[in-house]
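Colleague: I am new to reading structures and would like to go through this one slowly. Could you take my questions in turn and show me how each answer is reached?

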Amino acid sequence: MFSNRERAAFSDGTVKREGQVYKHSTLKYPHRLNFYDRPPLEDVTIEEFETCAIDRLRILAEIESSFVRNRSFEELKTVTNAQCLKYLPLHSSTATSEDLEGERRKDHLGHFILRLAFCRSEELRRRFVKAEITLFRVRYESDDTKEREEFLSSRDFDWIAVDKDEKEKFRRELLAASPNLKAELFEKEKFYKVKWTRVPDLVEKRRVFLKGGWAYVPSREQSSIIFQAFQSSLERALEATARALPRLDEDTRIMPILNNLSQGFLAGVPSEWSGNDGSSANGEAIKAEMIDDLARKHFPLCMKNLHDNLRRDRHMKHYGRLQYGLFLKVLGLSIEEAIAFWRKSFSKITEDKFNKEYRYNVRHSYGLEGKRANYAAKSCQQILMNDQPGPGDSHGCPYRHFSEDNLQSALLAAYSHQGLTSSDLPEIMHAVKSQHYHVACTRVFEITHAGSGVGTVKKGEGVGGGESVTHPNQYAARSRELEKAKIESLGGNDDVPMKGEEGGGDAMVLG
Amino acid sequence: MSTEEVEGVTPEVMLAFYRRLYPFKSIVNWINHEHTPTKLFTHREFALTLERDVYLRYQCFETVEEFKKKVCSLNPTRFEIGPVYSVKPKDKKSARQQAFTPLQRELVFDIDMTDYDTVRTCCKEAGICKRCWAFIAAAVRVLDSSIRDQFGYKHLLWVYSGRRGIHLWISDKEAMELTDEQRKAIVGWIAVIQGGKDMHKKVNVRQGTKPLPPSLQMALEPLVPCFGDLILADQDCFKSDDGWEDLLHLIPDKNIAEILRRKWNKDDGRSSEDKWDDLKSEIKKTDKGSPTRVSLQAAMEDIILQYTYPRIDAEVSKHRNHLLKAPFCVHPKTGRVCVPVDPQLIDDFDPEKVPTVGQLLKELDKVVTTQDMEGAEHHSDWEKTSLKPHVDMLDRHAMALMDQVRRSKRAADLSW
Ligand SMILES: [Zn+2]
């Protein structure tokens, strides 16, 4: 529960000098693992508030997609550890070169901010608890044994060590209840007594001895008690936070952030793809006439759909232009090429009408008119959550906004030339039905980039390192990267013709 | 197979039963744990089944009188008891959706004879007789002692379901408060018989040939003699070809199974006891302590469990918001009252001797005509009928529960 003081701390947003909070660091977070019993008490800047939350959210969202994608716990562990290293590192106390205090503070803050964002519905609470406990488990298992023991002894888990006499009395039962425990090791094994309700998972699988409501837990199963304790205290805390939350409504800066965060859990965390200024990352500019080919090979379904609509209707409504135009901008289309592209695409209208009604729009989106803002391309989250498409619109996310039968035909039409077949559809539709649209999109990416060797993707790799699709530009960029790697590995030359249709029109120069 | 004396359970009969015989007060004491109504009663869902299968959910009452009045005016064919909700169930619609959650509920178990159709030979489907009741009796003994021993619960009420099964209601405070996750865990702990018709081996509870988990070892002890009496002698389960083929499927050693198959094919007359002895003597031929011998012994234990261990309907127990027919309701097909049953006397219980609603009303008429017609109210007319010992039993049970609550309240007061 948050006291008034830290609610104030969370919501007043006063800017504190960085570094100030690192004082007395060695005392504040003695352990790498955290049960989050106490809320953070210091002031936080609004920027830090957001960063801590978003970085943690990335990890939790990826954990969630791991469940949906049916990864084994070992796979999930690998992916999660890699993501943690990137966004939320948490080193052991022996790692002297790291800013341990800063890492642990970020972990602490992020957890509590997300509690605020996810306490508000039962569904969100359930998903948050499941992801958090998994993260805790991943860290627990990778923790240094000695440090873990210190952490455990710092907290009262309310277990009673079974004394020698009692252990001897139930010797036969205790041995029978843990078939993996060898009789000769019995003397050495420690047992702890807890109320059986504290270890329902062990009870369900009959992995403990039960007597009079007490579960006798061998030390090898101790982690069950800990995970269960983590889970139930988090569940209780979230319910308490939910009851107290309405008071937070007062702060107008916090609520939009919290709303965004909980949406991010539904749609994956947006990646930032806005930094581009007209030329793509690898320096090659995109020409208007290349877009047909790029769309065929590298676009996610939402952009492919917009492109095909544009070609068919030779027109596009406002939100569609916005979603597609910004995507093309970030892809590397310069303002001149963009004007050329849209002019040519709108072939039904006169030069005059285009100049009057659309040129300004295009220039505006490049920050050359009006308030001259550098607009970012829309992330999956924005596409999923904002500006819901109406009847005549073609923007949005097809995984979410198409009916099931239309989505399936669209998928086959768009990607069968890249290896997607109808036998892939059940898996994709399963993710769609459980509303994990980014998982569906990621799976399509994997299927259409499958193969062997350089420039291909295995199931579970997503758009790199197991990450899911969270931004259409990330999808396209990764797809182009893979193609480039493939071409380079084949001959180090862009002009080498590829097998089949992959070569594209300009590949015949080698002759 | 028994002949069910299906009398007309008409709406008039039911109304007379509710007005004159149904022990509303005892039922409320039992689910409320105290004399004055608490949320355990006032926030409790009742679901009423009316004529023509109209199902009325989320009913709740403030007092015993209101409860009785409503039941008499709607005159349901039966009614069920559900969980205690955070909000009065009838206010469900006006409450915020998240605010309407089940909080407490007795831990319940349901054992039904139909789950024994693959092992009983005397009756089928809806039928039940004293002989096949022995399966239920064995289940009650095992479950009653397991729950007391392992989970430490004390307030267990067994109730005949009116036809071919039995319900268990556990009212200990800790049991009332179990979450769905914990209820699921308890079911996992208790349930042993898994897999449908097409699964031969339905008991898979050990790692390889390691000993049984201690709780099942404990359950096995009374089931060994029960297997001899019930499965081998009375039901003669391995007499028919299908019966002994089922048994052979459960023997892990293919050679022994083949030897027995040939022997039993030749000799039609061997009883189940003979066949079980044949199996035992084949096992005795193997080397003592050898892996084959160990696995065969384990298989024999598993067979005993498969034929006699309690078969529970897992779904009933897993969720707090499950509804279960209230005790003392009348089974519409048999006319029998769902009376509480003493687990100590479970072997003597005969479902065919349970009073029917028609019989009770006749008893009552006799008393009333011989005695003078006193008051118009008939609050405890059941005392004059053969329903009395059953209501007394519920009262004793409720009293023990109320004592417990009083004691723990006093302890809490002192701790201040
Ligand atoms: Zn029978």
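**Strands, a metal site and a cluster of cysteines**

Modeller: Please keep in mind that this is a predicted model. A good place to begin is strand S6 (residues 156-160) of chain B, which is mostly covered, since 5 of its 5 residues are buried.

Colleague: Which residues of S6(B) point one way, and which point the other way?

Modeller: The side chains of this strand are divided between two directions, and the residues are buried whichever way they point. Leu157(B) and Val159(B) make up one group, while the other group consists of Leu156(B), Trp158(B) and Tyr160(B).

Colleague: Which strand is joined to S6(B) by 5 bridges, and which residue stands opposite Leu156(B) there?

Modeller: Strands of a sheet pair through backbone hydrogen bonds, either parallel or antiparallel. Here the 5 bridges lead from S6(B) to strand S7 (residues 165-170) of chain B, and the two run antiparallel. Within S7(B), the residue that stands opposite Leu156(B) is Ile170(B).

Colleague: In the hairpin of S6(B) and S7(B), which residue takes a positive phi?

Modeller: The hairpin has 4 residues between the strands, and a positive phi near 100° is found in this hairpin. The residue that takes this value is Gly162(B).

Colleague: What is the bridge partner of Trp158(B) in S9(B)?

Modeller: S6(B) also pairs in the antiparallel sense with strand S9 (residues 340-341) of chain B, and this pairing runs over 2 bridges. In S9(B), the partner of Trp158(B) is Val341(B).

Colleague: Turning to strand S3 (residues 78-85) of chain B, how many of its residues are buried?

Modeller: A residue counts as buried when its relative accessible area is under 20%. By this test S3(B) is largely enclosed by the rest of the structure, because the buried residues number 7 of the 8.

Colleague: Which residues of S1(B), S8(B) and S4(B) stand opposite residues of S3(B)?

Modeller: S3(B) pairs in the antiparallel sense with strand S1 (residues 44-49) of chain B over 5 bridges, and in that pairing Arg44(B) stands opposite Val84(B). It also pairs in the antiparallel sense with strand S8 (residues 324-325) of chain B over 2 bridges, where Ile81(B) stands opposite Leu324(B). A further 2 bridges join S3(B) to strand S4 (residues 102-104) of chain B, which run antiparallel, and there the residue opposite Tyr85(B) is Pro102(B).

Colleague: In chain A, which strands stand at the edges of the open sheet, and why is one side of each left without a neighbour?

Modeller: The sheet is built from 4 strands in the order S1-S2-S4-S3 (chain A), with antiparallel pairing. Two of these strands have a single partner strand each, so one side of each is left without a neighbour in the sheet, and they are strand S1 (160-161) and strand S3 (209-211) of chain A.

Colleague: Which residue in S4(A) stands opposite Leu210(A)?

Modeller: S3(A) is joined by 3 bridges to strand S4 (residues 214-218) of chain A, and the two run antiparallel. Opposite Leu210(A), in S4(A), stands Ala215(A).

Colleague: What is the geometry of the site of the zinc ion?

Modeller: The protein donors of the zinc ion are the SG atoms of Cys122(B), Cys123(B), Cys129(B) and Cys132(B), which lie 2.2 to 2.4 Å from it, and their spacing in sequence is C-C-x5-C-x2-C. Ideal angles at a metal are 109.5 degrees for four tetrahedral donors. With angles of 104 to 119° among the 4 donor atoms, the site of the zinc ion is tetrahedral.

Colleague: Which residues does the UniProt annotation "binding site" cover, and why can they be said to gather at one spot?

Modeller: According to the unreviewed UniProt entry, the annotation covers Cys302(A), Cys380(A), Cys397(A) and Cys441(A). They span 140 residues in sequence, yet they gather at one spot, because no two of their C-alpha atoms are more than 10.2 Å apart. The lining of the largest cavity takes in Cys302(A), Cys380(A), Cys397(A) and Cys441(A).

Colleague: Is Cys441(A) buried or exposed?

Modeller: Cys441(A) is placed in helix H22 (residues 437-448) of chain A. Leaving aside residues up to four places away in sequence, Cys441(A) touches Pro300(A), Tyr399(A), Val469(A) and Tyr475(A). Its relative accessible area is 9%, so Cys441(A) is buried.

Note on methods. Residues are numbered from 1 along each chain as its sequence is written. Chains are lettered from A and ligands numbered from 1 in the order in which they are written. This is a predicted model: local features need pLDDT of at least 70, side-chain atom pairs count only at pLDDT 80 or more; totals for chains, interfaces and linings use all residues. Side-chain values use heavy atoms; hydrogens and water are left out. UniProt positions are given in the numbering used here, feature names are shortened, and annotations may be inferred rather than shown by experiment. On a 1 Å grid over the protein atoms alone, a cavity is a set of points where a 1.4 Å probe fits but cannot get out, and a pocket is an open set with protein on both sides within 12 Å along at least five of seven lines; lining residues have an atom within 4 Å of a point. Buried means under 20% relative accessible area, exposed over 50%, partly exposed in between (1.4 Å probe, protein chains only). Contact means heavy atoms within 4.5 Å. Donors are N, O and S atoms within 2.8 Å of the metal (3.2 Å for Na, K and Ca); water is not among the atoms, so sites may look incomplete. Four donors count as tetrahedral if all angles lie between 85 and 135 degrees; four count as square planar and six as octahedral if opposite donors are over 155 degrees apart and all others between 65 and 115; anything else is irregular. Two strands pair if DSSP finds at least two bridges between them.
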